[in-house]
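Hi,

Here is the structure I said I would pass on. Have a look at it first, and then read my notes below.

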Amino acid sequence: MANKLISEMGLPKSIANIFAARNIHTAKDALSLTEFELTELLDVGLAEVTTAVSSISEISCPPYQTALSLLEQRMHNEYLAGHLPTRLKGLDAALCGGIPFGVITELVGPAGIGKTQFCLKLSLLASLPSSHGGLDGHVIYVDTESKFSSRRMIEIGVNSFPEIFQIEGMAQQMAGRILVLQPTTPTEFSECLQKIKDSLLQHHMKLLVIDSMAALVSGRDGQGQCRQHPLGWHMTFIKSLAEFSRIPVVVTNQVRSHSGDDPFHYSFQVQILDKIWISPQHLIPILLLLLGSLGLMLFLSVLCWNLNQATVVYSIKNWSFRVVCG
């Protein structure tokens, strides 16, 4: 505002030309002098100078804002920049807006419960244009189990956002925004992390998905015996990526065992949590538990540090998550 040109302020041409002739071109130039100094320099009457200064001040000063408007603007910006809404009403409410930026969110559940499908939908939400409620960005999808399917992702998009995917070329545009990496060993995963770091710096990345960590942790040695691969360094690196880039990071994992007759009672001996997150400062802030089914309904529990536990009942129909209650 201080550098706004006086010639563009709509002042009478007579006074505007006098300002220009005295090399006073911007609001800063004029307002840096007192009215008496301007009267002497411009060789015009004090009343005319006072009127001109008043107009320049009014035009160059930014509009005032109330404390309420500033608060509402801050809350709006934090909502848009701080969370990736899942569009599952109960889940977003429990997460105070959606999947948070800058931290790791772990999605845990038994095989076939819908973890990959949930990640595919999040990928679409992050890549959708902002005009349609998305983050208008690119996604890095690390697929360690070769489960990623472009066809499945498009089907989810068509069923979840039919009004968007009916637009010609939209499906191809969304698919082009999702970068898929498929490491199969911890060594390849280390190389992928370096690529991810470079991509975060060079491209407009809005989401990182790792599906899943369980496949990388478990493996077999040369004699065919099961062994556990330590991933402590990898998870620390991912945590730093989340904090540095301020994007949501979602990792999936599996439960090892199910105990008891109750289909919703699992012993969550999760391989990431019980082997890597030892000290309090390394705890994963948010844990989403996809639990067992009851007919067509499934249960998603939200465990958040500093937040209350919540449960959302949902169903999957036509490749789309739908909240039943929560």
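Let me start with a quick check on helix α7, residues 115-127. At 1.5 Å a residue, its 13 residues should span 18 Å, and the end C-alpha atoms turn out to be 19 Å apart, so the two figures agree. Bear in mind that this is a predicted model. As for how covered α7 is, 13 of its 13 residues are buried.

Next, the strands. β4 covers residues 138-143, and five of its six residues are buried. It has two pairings to look at. With β6 (residues 205-211), β4 runs parallel and is joined by six bridges; if you want a residue pair to click on, V142 has I210 as its bridge partner in β6. With β5 (residues 178-181), β4 also pairs in the parallel sense, over four bridges, and there Y141 stands opposite V180. As a reminder for when you look at the side chains, those in a regular strand alternate between the two faces of the sheet.

Then there is S199, which sits in helix α11 (residues 186-202). Is S199 buried or exposed? Its relative accessibility is 12%, and the cut-off for buried is under 20%, so S199 counts as buried. Leaving out residues up to four places away in sequence, S199 touches I140, L179 and M205. Of these, I140 falls within the 138-143 range of β4, L179 within the 178-181 range of β5, and M205 within the 205-211 range of β6. That makes S199 a handy place to centre the view if you want to see α11 against those strands.

On to a helix pair. The usual way to describe two packed helices is by the angle and the distance between their axes. For α3 (residues 35-42) and α4 (residues 46-60), the axes come within 9 Å and cross at roughly 115°. The crossing is right-handed. On the α3 side the contact is made by E35, F36, L38, T39 and L42, and on the α4 side by L46, V49, T50 and V53. Sorted by class, that contact has six nonpolar, two polar and one charged residues.

Now a long-range contact. A242 lies in helix α13, residues 232-245. How far apart are A242 and V103 in sequence and in space? They are 139 residues apart along the chain, yet 5.4 Å apart from C-alpha to C-alpha. A242 touches V103 along with G102, I247 and V249, again not counting residues up to four places away. With a relative accessible area of 0%, A242 is buried.

Finally, some backbone oddities for your list. As a rule, most residues other than glycine have a negative phi, and most peptide bonds are trans. Here are the exceptions I noted:

- The peptide bond from D211 to S212 is cis, with omega near 5°. S212 lies in the loop between β6 and α12 (214-217).
- S146 is not a glycine but has a positive phi of about 55°. It belongs to the loop between β4 and α8 (150-160), and at 51% relative accessibility S146 counts as exposed, since the cut-off is over 50%.
- R246, also not a glycine, has a positive phi near 55°. You will find R246 in the loop between α13 and β9 (249-253).

Cheers

Note on methods: Residues are numbered from 1 along each chain as its sequence is written. This is a predicted model: local features need pLDDT of at least 70, side-chain atom pairs count only at pLDDT 80 or more; totals for chains, interfaces and linings use all residues. Side-chain values use heavy atoms; hydrogens and water are left out. Buried means under 20% relative accessible area, exposed over 50%, partly exposed in between (1.4 Å probe, protein chains only). Helices (H or I, at least four residues) and strands (E, at least two) are DSSP runs, numbered from the N terminus. Two strands pair if DSSP finds at least two bridges between them. Axes are lines fitted to C-alpha atoms, for helices over the stretch in contact, and angles run from 0 to 180 degrees between N-to-C directions. A crossing is left-handed if the near helix is turned anticlockwise from the far one by less than a right angle, and right-handed if clockwise. Contact means heavy atoms within 4.5 Å. Ala, Val, Leu, Ile, Met, Phe, Trp, Tyr, Cys and Pro count as nonpolar, Asp, Glu, Lys and Arg as charged, and the others, Gly among them, as polar. The expected span of a helix is 1.5 Å times one less than its number of residues.
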